[in-house]
Amino acid sequence: MKTVLFDYGNVVSLPQAPEDVARMAGGDPGFEDRYWEVRLDFDRGTLDPAAYWSHVYGRPMDGAELDVVVALDAASWSRPNEETVAIIDELAAVGVPMALLSNMPVCVAEGIDALPFMRPIGPRFYSGRMGLVKPEPEIFHETVAWLGVAPGDLVFVDDRLENVTAAEQAGLAAVHFRDAAALREDLKTLLV
């Protein structure tokens with residue numbers, strides 16, 4: 001049986017809500033650019049939370065202030081895409097194995113792991129724990145090796161085309177996530 005390997009952000013979860021971003025930004029118009037500027041380094045684990053958020057805010061961040069912004073960041077990625085969650089529940093009900101592969105720093109992953117809608121998905125591979133990020137081919141090779149399956153027995157679902165292409169180059173079947181309705185149709189074809 002094939003395993004469905006989900007990405008998290010913008011697939012299982014909804015995109016960050018503007019009000020969540022505004023809460024973190026505190027009125028700073030350059031916040032979003034700096035948030036994404038070195039995010040892959042944060043996702044990879046080469047920047048710890050203090051270094052990342054100090055860069056984003058342009059001043060040292062630590063202690064309670066750092067704890068608050070880390071919690072706000074995790075919360076901003078915690079809204080489920082209910083339509084995708086329904087598909088996950090359907091797959092779980094018929095015994096389809098599922099796993100997660102996400103670019104995510106460890107401090108955010110810890111918050112995501114506790115969310116009830118994540119229960120059916122496991123194991124979970126986070127870039128911050130692996131020291132690798134998508135679309136690097138090594139992250140797919142390591143995930144396949146850990147799962148102990150043939151690459152062709154994995155169906156990878158991601159909203160970013162460069163990650164879908166990298167997964168295909170690593171031998172995985174891959175689906176470009178556009179919306180849950182299209183995903184449901186794609187999975188009908190790929191899970192036979």
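**Close-up views of a two-domain predicted model**

**View 1. The buried area between domain 1 and domain 2.** About 1,200 Å² is buried between domain 1 and domain 2, and 60% of this area lies on carbon and sulfur atoms; buried area here is the accessible area, for a 1.4 Å probe, that two parts lose on being put together, summed over both. Of the area that domain 1 buries against domain 2, 37% is supplied by Pro105, Cys107 and Val108, more than by any other three residues. The model is predicted, so local features need pLDDT of at least 70 and side-chain atom pairs count only at pLDDT 80 or more, while totals for chains, interfaces and linings use all residues. Residues are numbered from 1 along each chain as its sequence is written, and side-chain values use heavy atoms, with hydrogens and water left out.

**View 2. The two domains and their contact.** The domain assignment of the protein chain, with bounds that come from an automatic or database domain assignment, gives domain 1 as 3-14 + 79-191 and domain 2 as 18-77. The centres of domain 1 and domain 2, taken over C-alpha atoms, are separated by 24 Å. To the contact (heavy atoms within 4.5 Å), domain 1 gives 19 residues and domain 2 gives 13 residues.

**View 3. Polar pairs across the interface of domain 1 and domain 2.** The rule for a salt bridge, a side-chain nitrogen of Lys or Arg within 4 Å of a carboxyl oxygen of Asp or Glu, finds 1 across this interface. Arg44 forms a salt bridge with Glu136, where the closest N and O atoms are 2.6 Å apart. Helix H7 (106-113) and helix H8 (127-130) each supply at least two residues of the side of domain 1 that touches domain 2, and the largest share of that side, 3 residues, comes from H7; helices (H or I, at least four residues) and strands (E, at least two) are DSSP runs, numbered from the N terminus.

**View 4. The open sheet and helix H6.** The open sheet of 5 strands runs in the order E3-E2-E1-E4-E5 with parallel pairing, two strands being paired if DSSP finds at least two bridges between them. Strand E3 (124-126) and strand E5 (173-176) are the edge strands, each pairing on one side only. Strand E1 (residues 3-6) pairs with strand E4 (residues 154-158) in the parallel sense over 4 bridges, and Val4 stands opposite Val155 in E4. Helix H6 (residues 82-93) packs on the sheet, touching E1 and strand E2 (98-102), and its direction makes about 155 degrees with that of E1; axes are lines fitted to C-alpha atoms, for helices over the stretch in contact, and angles run from 0 to 180 degrees between N-to-C directions.

Note on methods:
Polar contact = N/O pair within 3.5 Å; in protein donor to acceptor, adjacent residues only side chain to side chain.
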